[in-house]
Amino acid sequence: MEIQLAFDRDQPFTFQLGAGQVIKGWDQGLTDMCVGEKRKLTIPPELGYGDRGAGNVIPGGATLVFDVELINIGDSPPTTNVFKEIDENKDMQLSREEVSEYLKKQMVAADGGQESEDIKNMIAEHDKLVEEIFQHEDKDKNGYISHDEFSGPKHDEL
């Protein structure tokens, strides 16, 4: 089920409910909402970003509060197994290089397959993004993101 949600953004946020695309507090807090309904979600750290937080944006142990409105519920194609796409050597763990290459491919694909100046600038600064991903996802700090640690979509079927 695809959910389209409005909150503190200019654009609605669309994701697949229950697919691990958002924090657990959202998956749990939105399950019984109706289109047009507005709700305040208060998400404790254990259903948000935990003791680690999220980069420099959300401190560890933060309780998150969101005012949301459900705009649309629709059918969507099955979620892509993103872990499988990133894990090029199929060793069931993601290296910084694999994550970096995946992000570069996604940036170029989003730009119509050509490297524009904007994309070149984003790629040049994406090392910071890779480090933030590892700070959040590499729970045991061994330099790799395991299948269990990965919070994104990682199942072929739902």
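**Close-up 1. Trp26 is tucked in and pairs with Phe66.** In this predicted model, Trp26 is buried, with a relative accessible area of just 4%. Its partner, Phe66, comes in at 17%, which is under the 20% cut-off, so Phe66 counts as buried too. The structure holds two aromatic pairs. In the one shown here, the ring centres of Trp26 and Phe66 are 5.0 Å apart and the planes sit at 85°, so we call the pair edge-to-face. Trp26 belongs to helix α1 and Phe66 to strand β4, so this pair links distant parts of the chain, 40 residues apart.

**Close-up 2. Phe83 meets Phe150.** Here's another edge-to-face pair, with 5.4 Å from centre to centre and 65° between the planes. Phe83 sits in helix α2, while Phe150 is in the segment after β6, 67 residues away along the chain. Phe83 and Phe150 are both buried.

**Close-up 3. Helix α5 has a buried face.** With 12 residues at 1.5 Å each, α5 should span 16 Å, and its end C-alpha atoms are indeed 16 Å apart. Its buried residues are His126, Val130, Phe134, His136 and Glu137. Look down the axis and they fall within an arc of 165°, so they line one face of the helix. One of them, Phe134, has Arg96 lying over the face of its ring, 4.4 Å from the ring centre.

**Close-up 4. Pro153 and Lys84 come together from afar in sequence.** Pro153 lies in the segment after β6 and is buried, at 12% relative accessible area. Pro153 and Lys84 are 69 residues apart in sequence, yet their C-alpha atoms are 9.2 Å apart in space.

Notes
Residues are numbered from 1 along each chain as its sequence is written. This is a predicted model: local features need pLDDT of at least 70, side-chain atom pairs count only at pLDDT 80 or more; totals for chains, interfaces and linings use all residues. Side-chain values use heavy atoms; hydrogens and water are left out. Helices (H or I, at least four residues) and strands (E, at least two) are DSSP runs, numbered from the N terminus. The expected span of a helix is 1.5 Å times one less than its number of residues. Buried means under 20% relative accessible area, exposed over 50%, partly exposed in between (1.4 Å probe, protein chains only). The arc is that of the directions from the helix axis to the C-beta atoms. Rings of Phe, Tyr and Trp (its six-membered ring) pair if their centres lie within 6.5 Å; planes under 30 degrees apart count as stacked, over 60 as edge-to-face and the rest as tilted. A charge sits over a ring if NZ of Lys or CZ of Arg is within 6 Å of the ring centre and within 35 degrees of the ring normal.
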